[in-house]
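Hi there,

Here is the structure I promised to pass on to you. Have a look at it first, and then read my notes below with the model open beside you.

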Amino acid sequence: MGPLKGIKVLDVSQIMAGPYCTMVLADLGADVTKIEKINGGDDSRQMGPYVNGESTCFFQINRNKKSVALNLKSQEGRNVFYKLAKEADVVVENFRPGVTKSLKIDYETLKEINSGIIYCSISGYGQTGPYSQRGGFDLVAQGMTGLMSMTGEKGERPMKSGIAVYDIGAGITAAYSILAAVIHKMKTSKGQHVDIALAEIGLPWFTWEAGAYFAKGTLPEPTGWRHRVSAPYQAVQTKDGYMMLGCANQRTWEKFAEEVIGKKEWIDDPRYKTNLLRNQHVDELEKDIENVLMTKDKYFWINACEKAGVPAGPINNFAEAVKDPHYQARDMIQEVEHPVIGKMEMIGIPTKFSETPGTIKSSAPLLGQNTDEVLKELGYDKKSIIAMNDLGEIKSYKKGVPTS
Ligand SMILES: CC(C)(COP(=O)(O)OP(=O)(O)OC[C@H]1O[C@@H](n2cnc3c(N)ncnc32)[C@H](O)[C@@H]1OP(=O)(O)O)[C@@H](O)C(=O)NCCC(=O)NCCSC(=O)C(=O)O
């Protein structure tokens, strides 16, 4: 059932960074209860595409969780939240700083209810500092960290990453930070507030670029299809399209030159002898290599590289990627049954455990799907659940009623 079996997570997060964090915990066995607004729920429920009225964005990032729809602006809704917080090990939120305080579900408040609580806040810029009150989105963080100044090609319009690297990165950072706090709590019984910022988790990804900048003042610039440090470590053209070639150290370069393209003489060529030289002559190097690669199709070269032990591979689109037999063999694409969407494929679990594997036990919940069940467990009777529904303090999912 996963290594985190028994860890209770109260998830009041929305859209991507927080929900990805709690999905990582849920996949690994944590018991995650997601608290959503009664009107529309998590904002990502409003993000398409939809199947039968349900968001497939929400579907991909909220599996293995329960959904309880609570109006946290009402005292009764908050009381339910407090009861859940009393039992929880972890709370995760990713609102704009200040929102949890106005909802009275901030760390200081919950600490009074549960002194050992581990409370993780994910925000655009962190809980302190001059920008802390600003809302934050992934792309804004990609601009701020410098990522967009070195992606794409020189002289072109600044280029973002194609995927939400900092949202997902913040979710992963939050997940391992929470687990470190859980270990600390096991040793000391003490909880704590964990503060993660989208704009900060991007900076450590510049580790090598920081090495060049702080030592020599060298600014990382766009390198397009090539690598800043290693050559040839880039996209290269073959007879039927591009492929990735990874000669990122001397050994793989020598194997490539001698065994893959039959150019043993290039190993001692004064232009190509070392990585530094290859980098300095990368235009010539690329031309020379492509003159050979253009004689055959990419899979000929990919197979030849594999035989020689040189890392190389195709440049897939997403459809080609997910159909790759390797991903299929590693359970990285799984089919899951959702009560409204029906059967749909989703990305599997990228962490493999020999003893306690993570599993996809349930699809993403409908809005308020577990409200009644969870309230009953907390001791609420049918009458009070109906009354809270009528007053708009909770939302129970009614079969056949669209949730958003
Ligand atoms: C993403 C945001 C910019 C979105 O800003 P906003 O839409 O203005 O939302 P806020 O967080 O400021 O406020 C949420 C509001 O919902 C209310 N709220 C929330 N839950 C409830 C419940 N259960 N009941 C009642 N009210 C609720 C809460 O009181 C706030 O309303 P009021 O009290 O009335 O104000 C911000 O949430 C943010 O900066 N989050 C941290 C960074 C982050 O995770 N960003 C990633 C986003 S995804 C992304 O980058 C990407 O997809 O790409």
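Lys66 and Asp31 meet through their side chains in a salt bridge, with 3.4 Å from N to O. This pair links distant parts of the chain: Lys66 sits in strand 5 (residues 65-70) and Asp31 in strand 2 (residues 31-36), 35 residues apart. Asp31 counts as partly exposed because its relative accessible area is 28%, and buried would mean under 20%. Please keep in mind that this is a predicted model.

A search of the whole structure finds 17 salt bridges. The general idea is that side chains of opposite charge can pair when their charged atoms come close. Another example is Lys37 with Asp43, where the closest N and O atoms are 3.0 Å apart. Lys37 is partly exposed at 42% relative accessibility, and Asp43 is partly exposed too, at 30%.

Then look at Glu284 and Arg271, whose side chains form a salt bridge at 2.8 Å, N to O. Glu284 belongs to helix 12, while Arg271 lies in the loop between helix 10 (250-260) and helix 11 (275-280), 13 residues away along the chain. Which residues are linked with them in a network of salt bridges? The network consists of Asp269, Arg271, Glu284 and Asp288.

Now for the ligand. It is surrounded by 22 residues, and the closest are Lys73, Arg96, Gly136, Asp138 and Asp167. This shell divides into nine nonpolar, seven polar and six charged residues. A polar side-chain atom of Arg96 lies 2.8 Å from an oxygen atom of the ligand, and a side-chain N or O atom of Gln14 is 2.9 Å from a ligand oxygen. Gly136 uses a backbone N or O atom instead, 2.8 Å from a nitrogen atom of the ligand. On its own the ligand has 1,000 Å² of accessible area, and the protein covers 77% of that.

Asp138 deserves a second look. This residue is in helix 6 (residues 138-145). What is the nearest side chain of opposite charge to Asp138? That is Lys160, 7.6 Å away, and Asp138 is buried yet has no salt bridge. A salt bridge needs the nitrogen within 4 Å of a carboxyl oxygen, so Lys160 is too far away at 7.6 Å. The side chain of Asp138 does reach the backbone nitrogen of Asp167, at 2.9 Å.

Finally, the overall picture: the protein chain has 17 helices and 14 strands, and 46% of its 404 residues count as buried.

Enjoy exploring!

Notes:
Residues are numbered from 1 along each chain as its sequence is written. This is a predicted model: local features need pLDDT of at least 70, side-chain atom pairs count only at pLDDT 80 or more; totals for chains, interfaces and linings use all residues. Side-chain values use heavy atoms; hydrogens and water are left out. A residue is near a molecule or strand if one of its heavy atoms lies within 4 Å of it. A polar contact is a pair of N or O atoms within 3.5 Å; within protein, one must be able to donate a hydrogen and the other to accept it, and residues adjacent in sequence count only if both atoms are side-chain atoms. Accessible areas come from the Shrake-Rupley method with a 1.4 Å probe; for residues, only the protein chains shown count as cover. Ala, Val, Leu, Ile, Met, Phe, Trp, Tyr, Cys and Pro count as nonpolar, Asp, Glu, Lys and Arg as charged, and the others, Gly among them, as polar. Helices (H or I, at least four residues) and strands (E, at least two) are DSSP runs, numbered from the N terminus. Buried means under 20% relative accessible area, exposed over 50%, partly exposed in between (1.4 Å probe, protein chains only). Lys and Arg count as positive and Asp and Glu as negative; His and the chain ends are not counted.
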